Every structure is written in C-alpha cells, then in structure tokens.
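Here are a few exercises to work through with the model open in your viewer. Try each task before you read its solution.

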Amino acid sequence: MPGRIVALDNGKAISMPIALRELRKLNHELVIHLDAAAFQAAASPLRDADAVIATVGFKVTARMLADAPRLRVVASTGIGVDIFDVDYATKNGLVVAHSRAPEHVIGMAEASILLILACIHDLPGEIGRAHV
C-alpha cells in the first residue's frame, strides 16, 4: 500500500536519487525538502508522513516525531542515525534504519587507510617542515 514519504535531501547522497526513483515506481507520494533550515522552521513538517528518509544536514527532533501520528519508520541514507532522536523513536515504536551502501563502506575504508598512512609517514610533521 503506497504511503506518504518525506525525503530530506541535501543533494549530496549518492543513494538518494536511486531510492526516490524506486519509491516513485511503487506509487508512493513523495514530499521532498531540500533546505534543512526551512524544514527545521516548519511547524509540523512530518504531520502526514508514513516514513522519512533523510541525508546528513537535517535534524529530526522528538517534537517533529511526536507531531507525526502516521509515522512508522525513519531511515538515513548514511551509516549513522544521529539525524533522528533515536531514543524518542524507539520508545514510541518507530523503526530506525540506515543504509550500508557500498559507497559508504568503501569511503570509510579509504579514509582509514589514508589516516594510517598519514600516521606512518608523520604527515603533520612533514607539512610543518615543508612550510619552513
């Protein structure tokens, strides 16, 4: 059964356009917010939502969740779920989900290798010596 899905999109998540395309194929009604500040300022931005999918840069508070009686699931396009008030969501029976998209796992692995190499080669010290 199609529902109303609120998408909070900062335009940077690789997986968001794919998710929205698939949700449209399933005839879900999509309400897309591109501006985090405007979303935060709205009185009850999730009032009629059945689900929320969000990218980094947005914050979904307990007040927003409380004002959404139809809401059943909140999902992040990233690895973490700190976008949402997880305590409130779980205490009130909402499913809290996140994405383990390959680009996230690969990006974290690359960053880890970079930090290891920076430590091995004393990158901060080398940069300091290069600027002398």
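**Exercise 1.** Work out how Glu-22 and Lys-25 are placed relative to each other in helix H1, and what links their side chains.

*Solution.* Start with the spacing: this is a predicted model, and in it Glu-22 and Lys-25 sit 3 residues apart in helix H1 (residues 15-25), so about one helical turn separates them. Next, check the side chains: the closest N and O atoms of the pair are 3.2 Å apart. The cut-off for a salt bridge is 4 Å, and Glu-22 and Lys-25 do form one. Last, look at the surroundings: Lys-25 counts as exposed, at 57% relative accessibility, while Glu-22 is partly exposed at 34%.

**Exercise 2.** Find the other partner of Glu-22 and say what the shared bridges build.

*Solution.* Arg-21 also makes a salt bridge with Glu-22, and here the closest N and O atoms are 3.9 Å apart. With a cut-off of 4 Å, that pair still counts as a salt bridge. Arg-21 itself is partly exposed, at 44% relative accessibility.

Now look at a pair elsewhere in the chain. Asp-50 bridges to Arg-70, with 2.7 Å between the closest N and O atoms. This pair ties together distant parts of the chain, 20 residues apart: Asp-50 is in the loop between helix H2 (36-41) and strand E3 (51-54), and Arg-70 is in the loop between helix H3 (62-66) and strand E4 (73-76). Both ends are partly exposed, Asp-50 with a relative accessible area of 22% and Arg-70 with 38%. Back to the shared bridges: Arg-21, Glu-22 and Lys-25 are joined into one network by salt bridges that share partners. The model's salt bridge count comes to 5.

**Exercise 3.** Which residues of H1 are buried, and how are they arranged around the helix axis?

*Solution.* First, pick out the buried residues: in H1 these are Ser-15, Met-16, Leu-20 and Leu-23. Then look down the axis of H1: its buried residues fall within an arc of 130°, so they line one face of the helix. Finally, step past the end of the helix: H1 is followed by Asn-27, which has a positive phi near 65°.

**Exercise 4.** Which residues form a nonpolar patch on the surface, and how much accessible area do they have together?

*Solution.* Go to Ile-113, which lies in helix H5 (residues 102-120). Ile-113 forms the patch with Ile-116, Leu-117 and Ile-120. Together, the four have about 390 Å² of accessible area.

Definitions and conventions
Residues numbered from 1 in each chain as written. Predicted model: local features only at pLDDT ≥ 70, side-chain atom pairs only at ≥ 80, totals over all residues. Heavy atoms only, no water. Buried < 20%, exposed > 50% of the residue type's maximum accessible area, 1.4 Å probe, protein only. Helix = DSSP H or I, 4+ residues; strand = E, 2+ residues; numbered from the N terminus. Patch = residues over 30% accessible without salt bridge, like charges linked within 9 Å, V, L, I, M, F, W, Y side chains within 5 Å. Areas by Shrake-Rupley, 256 points an atom, 1.4 Å probe, with all protein chains shown as cover. Arc of directions from axis to C-beta.
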